[in-house]
Amino acid sequence: MVTAYDVATRAGVSVGTVSRYLTGNGYVGTVTQQRIARAIEELGYVRNRAAASLTTKSTGLLGFVVSDLRNPFVAEIASALSQNARATGYGLVVAESGNDPDASLQSLELLRAHGVDGVIVTPPESPGLNSALVAAARSIPVVGIGLRTDPLVSDTVTSNTESGAHDAVTHLLGLGHSEVAYLGLDKQTAGRLRGFRSAMAEGGPQVKAREIFVDQLTQADGVAALSMIIEADDVPRAIFAANDAVALGVLQAANRAGLRVPTDLSVVGFDDIAMAAHSAPPLTTVAQPTADMGAAAISMVLSRLHGEERDVPPREAVLAARLIVRESSAVAATANGKEQPKQ
């Protein structure tokens, strides 16, 4: 491995001069800077951040504990975090748990053992992970994306999922749908479930709400859920899915069964992943601002590390969620004075 001593020898300067050049602490003349830069390029020198961290107490790395990178929304968050970290001179280390609470805890401990400067975490929560995050927050910044510690010691970034879900269901009711089914989780997507319930309550006694819970928020779960509903001959005319992956699964199962979307079934998702605009038909959904969420999370970590907000109480950034109407939702058949198709 090429060392700073090798660079100093090639450039004809002292190791201390190379150190000042690398850290930016202290004066190094223009000509000397050029000689050091040329030596670094010729030797292919890469600064040993692990060794430097013994002095600086910083590794320049941030950790991201994520549940499942196969979830497109989570992958988009990871990309936004990575871009924003890189723009500020930090690297992002991603540790996936595969939706296993024990693996989430192990990932967090591994990141801390490698000395990350801060950690960002997404659900699902668990008692063990919560305790570990509370302990971690005593020494490094912790930010939850859609996750809060108990007691609240972490900063939080989220979107207004309840408001977004309310808008989505109100949209379906406004199209004349008298029966709307919620397809998702009960706890992890609690804000979306609350928004569904409040919108349905505002719809009055003439509308019927159904709640169908799946094991996970995957496309396969959406396929399985609608297939089971079709087999029971009890298909609603409108579905609000807790995320786009489930909604895309519903579209897939509907197509297999010969159901026409949106003629026979209106479908609305949540997240606005890249695939949503290109599904068949394009998916009506609620957009979460992943780029802004990533920027806010990185900003919160860095303000704790370097800024005047190091010792302020836990903060929460709540970003707006926005309904995007595409072709998977349409006026209910009965709203046009026609008889709804039977299964």
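Modeller: Before we look at this predicted model, one definition: two strands pair if DSSP finds at least two bridges between them.

Biologist: Good start! What makes β3 and β4 a pair?

Modeller: Three bridges join β3 (residues 118–121) to β4 (residues 142–145), and the definition asks for at least two, so they pair. The two strands run parallel, and I120 has V143 in β4 as its bridge partner.

Biologist: How do you know the order of the sheet's strands, and what is it?

Modeller: Pairing gives it: six strands follow one another as β2-β1-β3-β4-β5-β11 in an open sheet with parallel pairing. From one strand to the next, the twist averages 15°.

Biologist: Why are β2 and β11 called edge strands?

Modeller: β2 (91–96) and β11 each pair on one side only. A pair needs at least two bridges, so an edge strand is one that meets this on a single side.

Biologist: What makes you say that α5 lies across the sheet's strands β1, β2, β3 and β4?

Modeller: Contact here means heavy atoms within 4.5 Å. α5 lies across those four strands and runs at about 175° to β1 (61–66). Helix α12 (residues 290–306) lies across β1, β3, β4, β5 and β11, at about 170° to β5.

Biologist: And which residues are closest to the centre of the largest pocket?

Modeller: That pocket has a volume of about 1100 Å³. Of its 47 lining residues, P123, G146, Q188, T189 and R192 are closest to the centre. Elements giving two or more residues to the lining include α5 and β11.

Biologist: How does the lining divide by class?

Modeller: It has 18 nonpolar, 18 polar and eleven charged residues.

Technical notes
Residues are numbered from 1 along each chain as its sequence is written. This is a predicted model: local features need pLDDT of at least 70, side-chain atom pairs count only at pLDDT 80 or more; totals for chains, interfaces and linings use all residues. Side-chain values use heavy atoms; hydrogens and water are left out. On a 1 Å grid over the protein atoms alone, a cavity is a set of points where a 1.4 Å probe fits but cannot get out, and a pocket is an open set with protein on both sides within 12 Å along at least five of seven lines; lining residues have an atom within 4 Å of a point. Grid points are joined across faces, edges and corners, and a volume is the space filled by probe spheres set on the points. Ala, Val, Leu, Ile, Met, Phe, Trp, Tyr, Cys and Pro count as nonpolar, Asp, Glu, Lys and Arg as charged, and the others, Gly among them, as polar. Axes are lines fitted to C-alpha atoms, for helices over the stretch in contact, and angles run from 0 to 180 degrees between N-to-C directions.
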